[in-house]
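Work through the following exercises with the sequence and the coordinates open. Each task is followed by a solution in steps.

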Amino acid sequence: MTMFNKDLILQLLENRDGRALLTFWRGRNAVDIAALLESVDDAARQAAVFRTLPKDLAADVFSYLPGPTQARLARSFADGELQLLFDALHLDDAADFLEELPANLVTRVLQTASPQRRMAVNALLSYPSGSAGSVMTPEFVSLRPEDTVRQALDTIRRTGIHKETIYTCYVLDCRRLLGTVSAKDLLTAAEDAAVRDLMTADVISVGTLTDREAAARLLAKYDLLALPVLDGEARMVGIVTVDDAIDVLTEETTEDLSIMAAVTPDEKPYFAASAWEHARHRILWLLILMLSATITGSIITRYEDAISAVPLLVAFLPMLMDTGGNCGSQSATLVIRGLALDEIQPRDVIRVVRKEFAVSLIVSAALAAANGLRIFLQYHDAAIALVISLSLVATVILSKLVGCVLPIAARQLRMDPAIMASPLITTIVDAGAVLIYFQAATAFLPLSV
């Protein structure tokens, strides 16, 4: 939405031109309208703009709004408005809405809902937050195996308006999943053909307690629009749709990136969080990393005599530590990605170590040769060039191995592999690089330590 459109909407709102507003909303995308609402700073105006939306569009727009904005709008609604909105939302969107609200608003919303609606939403909220059950919707099209194509299409016409998707229909017998049939197959088949003969019996499904990220990856792997979810007794209770899977993967990726940058994950948008909240989410990791860096300082202090004897040694410390940290981060990033995509399993640790060791030999040889030649030409000192080259080789090998092993170890310990990303690996590698460097210096240079 452009700024002009926002100003136009606010002008029409002030003029109370309801007919022009309805004309303006016609054909507009719900995502763009949600973005427009977000750009309205005044809460009262925001609610006023939302009230001008047609009923069939309002629920879609509301589902695309961030949690804080949904809560702000809900506070401004009368009980009747809340009931209409809550009933219009898809069940999974309604459950997400309640999860974002404070307790007093949740009570108020549920009091306005019908008993059936309240029971259905509470069933979704009862699943663990990281499970497939928590992101599924029970609104899917179910058919019977003995139905004809004509009966199946009648069912879709009658119930499809209330379902999350009609592109994939599920063939059930006493809630047991027998197979799936696409709307395309139904539309192109003879009207008297049986659904049983058109369905695909080989169905990919997950349980209600399956990790939601694993369910999202299955959707991506098999190019599905929806994934059936079964309960503990193998009865179908819902589907995870592709839009929810994208949300899950986006959220998980954002969380991993935050952890990899040594920032505690925060669900709020960047500008919605205050400076204090940003600082609170960053300072703990920074304190941990700062204190852990004192190990490197204590190692350097131990070799004060070596530095006094050859002050030039200090000049190469930043290069050595940065190279080690960068090499470790490369390996960690690739391994974390492999773990996230299930390309790497903890049992593959030996294969990964072999691969990274081979890579480290090639990389370290190239870096050592380039650096050794540069240092010899610049300082005309073969001994220091040798020390730097050997230290680089050892540091790169160490950092590559640490970078690939730590994320796998974290997965094995049921921790997030992203915890073992750049900042932590850099801290460990820095200490190792300094120790290797000064040990090499004392071994090959004429120092008195």
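Helices here are DSSP runs of H or I with at least four residues, numbered from the N terminus. The model is predicted.

**Exercise 1. Place Gly-18 in the secondary structure, classify its exposure, and relate it to Tyr-379.**

Step 1. Gly-18 belongs to helix H2, which covers residues 18-25.

Step 2. The relative accessible area of Gly-18 is 38%. Partly exposed is the class between under 20% (buried) and over 50% (exposed), so Gly-18 counts as partly exposed.

Step 3. Gly-18 and Tyr-379 are 361 residues apart along the chain, and their C-alpha atoms are separated by 80 Å.

**Exercise 2. Describe the overall dimensions of the protein chain and set its radius of gyration against that of a compact globule.**

Step 1. The C-alpha trace spans about 90 × 60 × 35 Å along its principal axes.

Step 2. For 449 residues, a compact globule would have a radius of gyration near 22 Å. The protein chain has 30 Å instead.

Step 3. The secondary structure of the chain consists of 23 helices and six strands.

Step 4. Of the contacts between residues at least 6 apart in sequence, 68% join residues at least 24 apart.

**Exercise 3. Characterise the surface and the charges of the protein chain.**

Step 1. About 23700 Å² is exposed, and carbon and sulfur atoms supply 59% of that area.

Step 2. Buried residues account for 43% of the 449 residues.

Step 3. There are 39 positive and 53 negative side chains. The centres of these two sets lie 2 Å apart.

**Exercise 4. Identify the nonpolar cores and examine the surroundings of Phe-86.**

Step 1. The largest nonpolar core contains 55 residues. Trp-25, Phe-50, Val-61 and Phe-86 have the most contacts inside it.

Step 2. A second core, separate from that one, has 24 residues, including Ile-375, Leu-392, Ala-433 and Phe-438.

Step 3. Leaving out residues up to four places away in sequence, Phe-86 touches Ala-94, Phe-97, Leu-98, Val-109, Leu-110, Ala-113, Arg-117 and Val-121.

**Exercise 5. Is Ala-94 buried or exposed, and which residues does it contact?**

Step 1. Ala-94 sits in helix H8, residues 91-100.

Step 2. Because its relative accessible area is 0%, Ala-94 is buried.

Step 3. Beyond its neighbours within four places in sequence, Ala-94 is in contact with Phe-86, Leu-89, Arg-117 and Val-121.

Step 4. From Ala-94 to Tyr-379 the C-alpha distance is 70 Å, with their positions 285 residues apart in sequence.

**Exercise 6. Locate Gly-80 and give its exposure and its distance to Ala-113.**

Step 1. Gly-80 is part of helix H7, residues 79-88.

Step 2. Gly-80 has a relative accessible area of 40%, so it is partly exposed.

Step 3. Gly-80 and Ala-113 are 33 residues apart along the chain, with a C-alpha separation of 9.8 Å.

**Exercise 7. Examine the backbone angle phi at Arg-175 and at His-380, and state where each residue lies.**

Step 1. Arg-175 is not a glycine, yet its phi is positive, at about 70°.

Step 2. Arg-175 falls in the loop between strand S2 (165-173) and strand S3 (176-182). With 42% relative accessibility, Arg-175 is partly exposed.

Step 3. His-380, also not a glycine, has a positive phi of about 55°.

Step 4. The loop that holds His-380 runs between helix H21 (349-379) and helix H22 (382-412).

Step 5. The relative accessibility of His-380 is 64%. The exposed class begins over 50%, so His-380 counts as exposed.

Notes:
Residues numbered from 1 in each chain as written. Heavy atoms only, no water. Core = buried A, V, L, I, M, F, W, Y, C linked by side-chain atoms within 4.5 Å. Buried < 20%, exposed > 50% of the residue type's maximum accessible area, 1.4 Å probe, protein only. Contact = heavy atoms within 4.5 Å. Helix = DSSP H or I, 4+ residues; strand = E, 2+ residues; numbered from the N terminus. Rg over C-alpha atoms; globule rule 2.2 N^0.38 Å. Areas by Shrake-Rupley, 256 points an atom, 1.4 Å probe, with all protein chains shown as cover. Lys, Arg positive; Asp, Glu negative; His and termini not counted. Charge placed at Lys NZ, Arg CZ, Asp CG, Glu CD.
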